Amino acid sequence: MPVMRSQIVGCGSYLPAQCVSNADLAIKIDTTDEWILSRTGIRQRYIAADGELTSDLAAAAARHALGRAGITADEVDLILVATSTPDDTFPATATAVQAKLGITRGFAFDVQAVCSGFVYALAVADNFIKSGQIRTAIVIGAETYSRILDWTDRGTCVLFGDGAGAVIVRATAGAATASDPDSAGILSTHLHADGRHRDILYVDGGPSSTQTVGHLRMTGKEVFRHAVTCLAAVAEEAVRANGLSLADVRWFVPHQANVRILEGVARKLAVGPDRMIMTVQQHANTSAASIPLALDVALTDGRIQRGHLVLLEAIGGGLTWGAALVRW
Ligand code: COA
């Protein structure tokens, strides 16, 4: 069997129509634009309309990505939806997306790794491609966090938003080679989890525990500390595994949680913040959707170019964290 690598050949995104500024929130919640902006960098977030489901956001982002890649739905072998806000407990949101895209072939499932979900799902797609089992995957991060926020808890509800992003991943002949700028593709993925930290970021409900959906709970300072440490460590792990250095990475596309976390990571890695793609200001923390949303912005405005080395990395509830090093 010929050696295959995974290439990202298209990216798309979708944000709901309703944009809510910090000032809008301050009308209903005991908060201020100044507090949110200074602690997080967030200026606004998007909120899904009544009846607008995670699968609707996901399908819109997937259509956008398919169009960009010039790929038709009948070429898709696998649909992965990274989400922790699925439409229903089951079936998987990915199967709803499959139906909404009019696809009747291949297979589809959800990946649940909270804010690390997109990196986890990309790793799953990459491994299916490298093993020769599929040729084309849609990898989507999609969330409606507005539905699991406790809108009376000002310490969490101001931080999150709804949205979706997607990439098309295709099999390409030949191994991905770190030293060859012409070999576009995923060089490696690195996934981690440590369930001992469950209580610093979780949802206090679920089908088996409470038979309710529950609300997001977080110890912000603890999450902040782990985020900076783990994101810096996994970035170093990814470049080292490829015989590269951080100086070789043109763009860092981290999970968009908080500008201060990303600046902390940049400082720890001694990387200029101008090499970090930051879009959290515009859409807040959209969990599994945040990396493809940020990617779409940086591809559309021309910052990410063919041949660039791009490091995607995330951390989320679990704790889970991970990275993917990609030659564009
Ligand atoms: N508006 C105004 N005041 C607020 C507020 C809000 N929305 N939320 C909390 N406060 C208040 C608190 O009540 C507290 O008041 P007190 O000192 O009178 O008790 C004060 O602000 C300080 O809160 P604190 O929690 O110490 O602030 P912080 O500097 O740690 O910032 C976070 C809080 C949540 C912004 C910060 O911890 C963080 O970003 N953590 C990481 C969160 C994250 O990104 N999670 C997802 C990762 S995937």
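**Exercise 1. Describe how helix α3 packs against helix α4 in this predicted model, from the geometry of the axes to the residues in contact.**

Step 1. In this predicted model, helix α3 (residues 54–69) packs with helix α4 (residues 93–100) at an angle of about 55 degrees, and their axes lie 9 Å apart.

Step 2. Angles from 65 to 115 degrees count as roughly perpendicular and those under 35 degrees as roughly parallel, with the rest, apart from those over 145 degrees, as oblique; α3 is therefore oblique to α4.

Step 3. As for the handedness, α3 and α4 cross in a right-handed manner.

Step 4. On the α3 side the contact is made by Thr54, Ser55, Asp56, Ala58, Ala59 and Arg63, and on the α4 side by Thr93, Ala96, Val97 and Lys100. Sorted by class, this contact of α3 with α4 holds four nonpolar, three polar and three charged residues.

**Exercise 2. Carry out the corresponding analysis for helices α7 and α8, and state which residues make the contact.**

Step 1. Two packed helices are described by the angle between their axes and the distance between the axes. For helix α7 (residues 220–241) and helix α8 (residues 259–269), the axes come within 9 Å and cross at roughly 45 degrees.

Step 2. It follows from this angle that α7 and α8 are oblique to each other, and α7 passes α8 in a right-handed crossing.

Step 3. From α7 the contact draws on Phe224, Ala227, Val228, Thr229, Leu231, Ala232, Ala235 and Glu236, while from α8 it draws on Arg260, Ile261, Gly264, Val265, Lys268 and Leu269. The class count for the contact of α7 with α8 is nine nonpolar, two polar and three charged residues.

**Exercise 3. Characterise the largest cavity by its volume, its lining and the elements that contribute to that lining.**

Step 1. Rolling a probe the size of a water molecule over the atoms shows where empty space is left. The count comes to one cavity of 30 Å³ or more, and the largest cavity holds about 40 Å³ of space.

Step 2. Its lining consists of Gln7, Ile8, Ala184, Gly185, Arg306, Val326, Arg327 and Trp328. The elements giving two or more residues to this lining are β1 (4–14) and β13 (320–327).

Step 3. Divided by class, the lining of the largest cavity has four nonpolar, two polar and two charged residues.

**Exercise 4. Do the equivalent for the second largest pocket, and identify the element that gives the most to its lining.**

Step 1. The second largest pocket has a volume of about 260 Å³, and the residues lining this pocket are Gln18, Val20, Asp24, Leu25, Lys28, Ile29, Arg45, Ile47 and Trp151.

Step 2. At least two lining residues come from each of β2 (18–21), α1 (22–28) and β3 (44–47), and α1 gives the most, with three residues.

Step 3. By class, the lining of the second largest pocket comprises five nonpolar, one polar and three charged residues.

**Exercise 5. Locate the cis peptide bonds at Pro91 and Leu319 and the positive phi of Ala284, and place each of these residues in the chain.**

Step 1. Most residues other than glycine have a negative phi, and most peptide bonds are trans.

Step 2. Phe90 and Pro91 are joined by a cis peptide bond whose omega is about 0 degrees, and Pro91 lies in the loop between β4 (78–82) and α4.

Step 3. Gly318 and Leu319 are likewise joined by a cis peptide bond, here with omega of about -10 degrees; Leu319 sits in the loop between β12 (309–316) and β13.

Step 4. Ala284, although not a glycine, has a positive phi of about 60 degrees, and Ala284 belongs to the loop between α9 (280–283) and α10 (290–300).

Key. Residues are numbered from 1 along each chain as its sequence is written. This is a predicted model: local features need pLDDT of at least 70, side-chain atom pairs count only at pLDDT 80 or more; totals for chains, interfaces and linings use all residues. Side-chain values use heavy atoms; hydrogens and water are left out. Axes are lines fitted to C-alpha atoms, for helices over the stretch in contact, and angles run from 0 to 180 degrees between N-to-C directions. Helices (H or I, at least four residues) and strands (E, at least two) are DSSP runs, numbered from the N terminus. A crossing is left-handed if the near helix is turned anticlockwise from the far one by less than a right angle, and right-handed if clockwise. Contact means heavy atoms within 4.5 Å. Ala, Val, Leu, Ile, Met, Phe, Trp, Tyr, Cys and Pro count as nonpolar, Asp, Glu, Lys and Arg as charged, and the others, Gly among them, as polar. On a 1 Å grid over the protein atoms alone, a cavity is a set of points where a 1.4 Å probe fits but cannot get out, and a pocket is an open set with protein on both sides within 12 Å along at least five of seven lines; lining residues have an atom within 4 Å of a point. Grid points are joined across faces, edges and corners, and a volume is the space filled by probe spheres set on the points.
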